[in-house]
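Please read the following report alongside the sequence and the coordinates, beginning with the chain as a whole and moving on to the metal sites.

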Amino acid sequence: MERKNAWETYDAKETAALEAVCARYRAYLDASKTERECAQETVRLAESAGYRDINALLRAGERPAPGAKLYSVTMKKSVLLFLLGEKPLEEGLNIVGAHIDSPRLDVKQNPLYEDGGMAYLDTHYYGGIKKYQWVALPLALHGVVAKKDGTCVTIAVGEKEDDPVFTISDLLIHLAQDQMEKKASVVIEGEELNLIVGGKPLQGAEKDKVKAGVLALLKERYGVEEEDFLSAEMEVVPAGRCRELGFDRSMLLGYGHDDRVCAFAQVEAMFGLDAVPQRTCCCVLADKEEVGSVGATGMQSRFFENALAELMVLCGETGEIRLRRALRNSRMLSCDVSAGFDPNFASVFEKKNAAYLGKGVCFNKFTGRRGKSGSNDANAEFIGRLRRVMDDANVHFQTAELGRVDVGGGGTIAYICALYGMEVIDSGVPVLSMHAPWEIVNKADVYEAAKAYRAFLLNA
Ligand code: MN
Ligand code: MN
């Protein structure tokens with residue numbers, strides 16, 4: 001059951017296609033350092049691909065025809081794309097779903113303080129991170145400040161060549177005798193993740209002069225005052241762009257591959273569909289997966305079900321039972337990254353059932369932990385169908401488990417969508433250094449994922 005490395009099969013034409021896809025991916029990732037930015041970039045691309053806001057049709061009571069391209073955004077953080085098929089929605093949709101939030105540090109609501117002649121922003125980390133990985137590297141600040149008057153200021157600092165960056169200091173090795181003896185989980189503790197944002201006192205200020213200097217700059221550049229942090233969402237992310245990795249440029253080093261690489265492969269597949277499909281195609285980009293898919297923009301919310309209900313009414317397919325049937329008759333790929341086999345840490349993998357970089361998109365029949373606990377365990381019949389769809393489209397795919405039995409585990413949005421009774425399986429791009437500030441993917445897997453999702457949308 002050895003799977004081939006996809007690169008070995010590419011001719012010049014396919015290599016060129018792969019490079020084009022990956023160039024688009026790098027641009028998408030660079031424009032998407034937060035879930036808000038990712039949603040915005042997706043809508044921008046959707047509109048240029050001819051997608052229209054479903055609300056415009058709802059307001060006009062306009063009935064969409066097969067081939068109609070629609071999008072729906074929830075709170076600027078989750079996005080749905082629909083390409084209407086020939087068949088009634090009641091017969092089910094082909095859905096690909098990824099998440100667009102990534103592990104990061106969120107700025108607290110009362111964050112700004114001064115200590116030791118420096119100004120800091122206090123943070124609370126988001127998602128599963130190794131806290132020690134987030135010190136002593138250049139960081140950027142991205143987010144919004146919602147003001148009392150209803151306006152919203154967008155802030156993004158640290159990405160442009162001449163932008164300043166921010167950082168969190170680490171303890172110098174000379175004085176780290178005690179720190180070096182600590183467990184990795186407490187080498188850097190949550191309350192030590194304080195972002196350095198200033199070091200120059202404001203002349204003429206009474207006290208906390210460095211903090212006053214930072215506040216003066218915020219006021220001048222953004223019209224933001226200290227109290228405005230109360231209603232801000234500022235995210236601290238690694239500064240810089242996604243880069244090609246290796247002498248052969250075969251891989252990509254970037255922040256947020258989990259799970260924007262699957263989000264990208266989905267939209268790449270969606271926007272590449274030119275003919276009217278039989279079954280309606282749907283792309284779900286959900287927020288909050290890294291913290292349990294909770295909240296109004298997470299997969300556990302009803303935003304997807306509600307949008308589908310609206311779409312069905314627009315299409316004249318009214319009634320609760322039709323919505324239930326549409327959901328039950330749907331087929332879905334829950335597209336999320338998988339742990340790639342890492343030779344440096346071979347002991348946590350079981351080699352026959354590991355995902356390898358370069359061997360294509362990975363299907364995980366189940367995730368979960370300790371006896372598949374908490375996992376969506378996809379049906380054999382559904383996997384059989386997928387094998388045919390993938391083979392017919394010459395997609396390189398592999399199957400894997402998330403590490404050796406009992407060494408850990410993880411989850412995705414698959415189990416939530418399975419609640420509707422639809423067929424769903426996890427599928428994604430293998431990643432190294434998952435949840436680290438800089439994650440690694442292989443270009444071939446990005447390309448194969450886009451191919452796989454296209455084949456699934458058209459033929460599942
Ligand atoms: Mn993920
Ligand atoms: Mn994750």
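The report below describes the overall fold and then the metal sites of this predicted model.

## Overall architecture

The chain contains 11 helices and 22 strands. Its radius of gyration is 23 Å, close to the 23 Å that the globule rule gives for 460 residues, so the chain is as compact as a globular protein of that length. Taken along the principal axes, the C-alpha atoms fill a box of roughly 70 × 55 × 45 Å.

Of the 460 residues in the chain, 52% are buried. When contacts between residues at least 6 apart in sequence are considered, 76% of them join residues at least 24 apart.

## Surface and charge

The chain exposes about 21200 Å², and carbon and sulfur atoms supply 51% of that area. Its side chains include 56 positive and 67 negative ones, and the centres of these two sets lie 4 Å apart.

## The site of the manganese ion (ligand 1)

The manganese ion (ligand 1) is coordinated by His99 through NE2, by Asp258 through an OD atom and by Asp336 through two entries of type OD, at 2.2 to 2.5 Å. Along the chain, these donors follow the spacing H-x158-D-x77-D. His99 lies in strand E4 (residues 93-99) whereas Asp258 lies in helix H6 (residues 257-271), so the pair ties together parts that are 159 residues apart in sequence.

Both of these residues are sheltered from solvent by the protein chain under the cut-off of 20% relative accessible area: His99 counts as buried at 1% relative accessibility, and Asp258 is buried with a relative accessible area of 2%.

## The site of the manganese ion (ligand 2) and the shared donor

For the manganese ion (ligand 2), the protein donors are Asp258 (OD), Glu290 (OE), Glu290 (OE) and His435 (NE2), lying 2.0 to 2.6 Å from the ion. The spacing of these donors along the chain is D-x31-E-x144-H. Here too the coordination links distant parts of the chain, with Asp258 in helix H6 and Glu290, 32 residues apart from it, in the loop between strand E13 (280-286) and helix H7 (303-314). Asp258 and Glu290 are both buried.

The two sites meet at Asp258, which bridges the manganese ion (ligand 1) and the manganese ion (ligand 2), and the two ions lie 3.3 Å apart. Asp258 thus appears among the donors of the manganese ion (ligand 1), together with His99 and Asp336, and among those of the manganese ion (ligand 2), together with Glu290 and His435.

Note on methods
Residues numbered from 1 in each chain as written. Chains lettered and ligands numbered in written order. Predicted model: local features only at pLDDT ≥ 70, side-chain atom pairs only at ≥ 80, totals over all residues. Heavy atoms only, no water. Donors = N, O, S within 2.8 Å, 3.2 Å for Na, K, Ca; no water. Helix = DSSP H or I, 4+ residues; strand = E, 2+ residues; numbered from the N terminus. Buried < 20%, exposed > 50% of the residue type's maximum accessible area, 1.4 Å probe, protein only. Rg over C-alpha atoms; globule rule 2.2 N^0.38 Å. Contact = heavy atoms within 4.5 Å. Areas by Shrake-Rupley, 256 points an atom, 1.4 Å probe, with all protein chains shown as cover. Lys, Arg positive; Asp, Glu negative; His and termini not counted. Charge placed at Lys NZ, Arg CZ, Asp CG, Glu CD.
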